[in-house]
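Below is a brief report on how the strands, helices and cores of one protein chain fit together. It moves from the sheet to the helices, then to the cores and some backbone details.

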Amino acid sequence: MSKKTPIRIGIIGLGGYANTHHHAVLRLEAQNEARLVCTCDPIISASEKLSLNLSNRGVAFFDHYRSMLQAYAHKLDLIVIPTPLALHAEMHRACVEAGIPCYLEKPPTLDESELEHMIETDCSAKKKTLVGFNYIIEPARLAIKQRMLAGEFGAIQSSSFLGFWRRPNTYFQRNNWSGRLLIGNQLVLDSCFGNALSHFVHNLLFWVGDRSLISWGTTTEVRARLYRAHAIEGADTFFVEALVSGVQLRLVVSHACRESEVNTETVVCERATILYEAGNAGEIIWNDGRQEAVNVDPFDTPIMNHLDHYRYLRGETERPSITLEDCRSFVHLNGLTYISSETIENVAPEHITLEHDNGSADVPIIADLINHGQRFLSQGIWPNLGIRQLACRPGTAKPSDLTRLREVLAEMTSSSELVASFR
């Protein structure tokens, strides 16, 4: 493939996050980096097709992705799969079998056994699949990790993440899988931890990966407490403590919060503490009192990740920035939060206030959540926000316990407490 030849792309879907990929490719067409050849969607409106000017751009449109693959597989260099999580595995397999390299949106799956099947499928792929966790290739992030690997900051002692993303009740009504644990027998596990803020969870595992620059730590132990303030099947708030490659990680993430966008990654090393906000700012606070500002440039996530993957497809780099194998530790960590918690606690009414977005959409807010989160991250103090009074410290779950995940989820979805709140 010539370096000057635009990458010929197919995108499965037009709505939802697929629309972000469409607009990214439209911009990249202007740079002669890409060309959208075909797309498909079974339910998209005529106005949405018109907004992307598909006809005038010569883009073929199909009602089903299999029809698109049958007609255009031999004309594509890349296919983008930004579809609902439950469809990822089957679509990935179909594209690999058609001989088309894949850009698969995050997370690839939250089912550990399904991930292993996808990794096996990818072994026969023409090119390895990229998984679209957005922030790993930020230049500032890579530069800091290079310094960490060189030993400049000393050994990592602990790491933490605080992630708040305020969401109204309507956020969980936009489709049939949002906030769900299971659909039939299929694992969904949609949550702020496993989906919306999963980029940052994956980032934290990246900091502790010490095999090479592009590596992730291995999850070995997890303790977690899960809560819901929204009337959903799954959890909207996670307090998690994990041991990853021998380093203690603590994470607090929530959709039931007053703050709209908080993402703070902290890495404590022997000689310095690193504070990092993706696409925004960074700081290194040295133990001797020095403070070093880190220039974190704005990061256009779809454009930069597309261009990075194009370089791999053109043979300019040896591997995608994130492969399916690189998602193992994240998928394990996510699943083990449920096994450790064993239940999703309904937040007690005295801890909830109701606010409104855009004048009408209700937003349940867990009172004082940021202080609960900061105490947990700094001191390991577990909050007790639920209707029931649970033991202060949750049980420990290990990767060998993942075989129990379906059993645990079945119990969660059949509990009378859940039925009362969710239905």
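Helices, of at least four residues, and strands, of at least two, are DSSP runs numbered from the N terminus. With those labels, Ser-245 falls in the loop between S11 and S12. The model is predicted.

**The nine-stranded sheet**

S11 and S12 belong to an open sheet of nine strands. The order is S16-S15-S14-S13-S7-S12-S11-S10-S17, and the pairing is mixed. Strand S16 (291–294) and strand S17 (344–346) form the edges, each pairing on one side only. On average, neighbouring strands are turned by 15° against each other, direction ignored.

Strand S11 (residues 237–244) and strand S12 (residues 247–254) run antiparallel, joined by eight bridges. One of the partnerships links Phe-239 to Val-252 in S12. Strands of a sheet pair through backbone hydrogen bonds, either parallel or antiparallel.

**Helix H6 and its neighbours**

H6 lies across five strands of the model: strand S7 (156–164), strand S13 (262–269), strand S14 (272–277), strand S15 (281–286) and S16. The helix runs at about 165° to S14.

H6 also packs on another helix. The axes of helix H6 (residues 139–149) and helix H8 (residues 198–207) are 11 Å apart, at an angle of about 25°. Angles under 35 degrees count as roughly parallel, so H6 is roughly parallel to H8. From H6, the contact takes in Arg-141, Leu-142, Ile-144, Lys-145 and Met-148. Asn-203, Phe-206 and Trp-207 meet them from H8. By class, the residues of this contact are five nonpolar, one polar and two charged.

**Two nonpolar cores**

Which members of the largest nonpolar core touch the most other members? They are Ile-12, Phe-153, Phe-238, Tyr-338 and Leu-409, out of 93 residues. Leaving aside residues up to four places away in sequence, Tyr-338 touches Leu-181, Leu-189, Ser-191, Leu-226, Phe-238, Ile-344, Leu-405, Val-408, Leu-409 and Met-412. A second core is separate and has 23 residues, including Ala-18, Ala-24, Ala-34 and Leu-130.

**Strands S4 and S5**

Strand S4 (residues 78–81) pairs with S5 in the parallel sense, over three bridges. Val-80 stands opposite Tyr-103 in S5. In a regular strand the side chains alternate between the two faces of the sheet. Both faces of S5 are covered. Cys-102 and Leu-104 are buried on one side, and Tyr-103 and Glu-105 are buried on the other.

**Backbone details**

Most residues other than glycine have a negative phi, and most peptide bonds are trans. The table lists two residues with positive phi.

| Residue | Phi | Relative accessible area |
|---|---|---|
| Asn-53 | near 55° | 34% |
| Ser-245 | near 50° | 35% |

Asn-53 sits in the loop between helix H2 (46–51) and strand S3 (60–62). Are these two residues buried, exposed or partly exposed? Asn-53 is partly exposed. Ser-245 is partly exposed too.

Where is the cis peptide bond at Pro-107 placed? Pro-107 is in the loop between strand S5 (102–105) and helix H5 (112–122). The bond from Lys-106 to Pro-107 is cis, with omega near -25°.

How values were computed: Residues are numbered from 1 along each chain as its sequence is written. This is a predicted model: local features need pLDDT of at least 70, side-chain atom pairs count only at pLDDT 80 or more; totals for chains, interfaces and linings use all residues. Side-chain values use heavy atoms; hydrogens and water are left out. Axes are lines fitted to C-alpha atoms, for helices over the stretch in contact, and angles run from 0 to 180 degrees between N-to-C directions. Angles under 35 degrees count as roughly parallel, over 145 as roughly antiparallel, 65 to 115 as roughly perpendicular and the rest as oblique. Contact means heavy atoms within 4.5 Å. Ala, Val, Leu, Ile, Met, Phe, Trp, Tyr, Cys and Pro count as nonpolar, Asp, Glu, Lys and Arg as charged, and the others, Gly among them, as polar. A nonpolar core is a set of buried Ala, Val, Leu, Ile, Met, Phe, Trp, Tyr and Cys residues joined through side-chain atoms within 4.5 Å. Buried means under 20% relative accessible area, exposed over 50%, partly exposed in between (1.4 Å probe, protein chains only). Two strands pair if DSSP finds at least two bridges between them.
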